[in-house]
Amino acid sequence: MEMKRLSGGSLRAAGYDPREKTLVVELTAGTFSYAGVSAEVWRRFSTASSPWSFYRDNIEEEYAAKRIR
């Protein structure tokens, strides 16, 4: 999975697998996987003017995280 560098807050990078609908987010505290994330949510997150705010409001609160690193 290709990771895209993101900045703001604790964000370092994120990547998305459209076939598996899995989002991987790398934070300063670790790397987390989120299942069932739509391609539209990924598009909005990866192009947001404030990806940290989008993550906190639309991903962290909406999807169950699984720590992978």
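I looked up helix 2 and found its buried residues (buried being under 20% relative accessible area, exposed over 50% and partly exposed in between, with a 1.4 Å probe and protein chains only) to be Pro-51, Phe-54, Tyr-55 and Ile-59. Seen down the axis of helix 2, these buried residues fall within an arc of 100° (taken from the directions from the helix axis to the C-beta atoms), so they line one face of the helix. I noted that what covers them includes strand 2 (11–17), strand 3 (22–27), strand 4 (30–35) and helix 1, with contact meaning heavy atoms within 4.5 Å. Helices (H or I, at least four residues) and strands (E, at least two) are DSSP runs, numbered from the N terminus.

I recorded that this is a predicted model, in which local features need pLDDT of at least 70 and side-chain atom pairs count only at pLDDT 80 or more, while totals for chains, interfaces and linings use all residues. Residues are numbered from 1 along each chain as its sequence is written, and side-chain values use heavy atoms, with hydrogens and water left out.

Next I turned to salt bridges (a side-chain nitrogen of Lys or Arg within 4 Å of a carboxyl oxygen of Asp or Glu), and the count came to two. In helix 2 (residues 51–60), Glu-60 and Arg-56 lie four residues apart, about one turn of the helix, and their side chains meet at 3.0 Å, N to O. Glu-60 is partly exposed at 33%, and Arg-56 is partly exposed at 39%.

In helix 1 (residues 39–46), Arg-43 and Glu-40 are three residues apart, and their closest N and O atoms are 2.7 Å apart.
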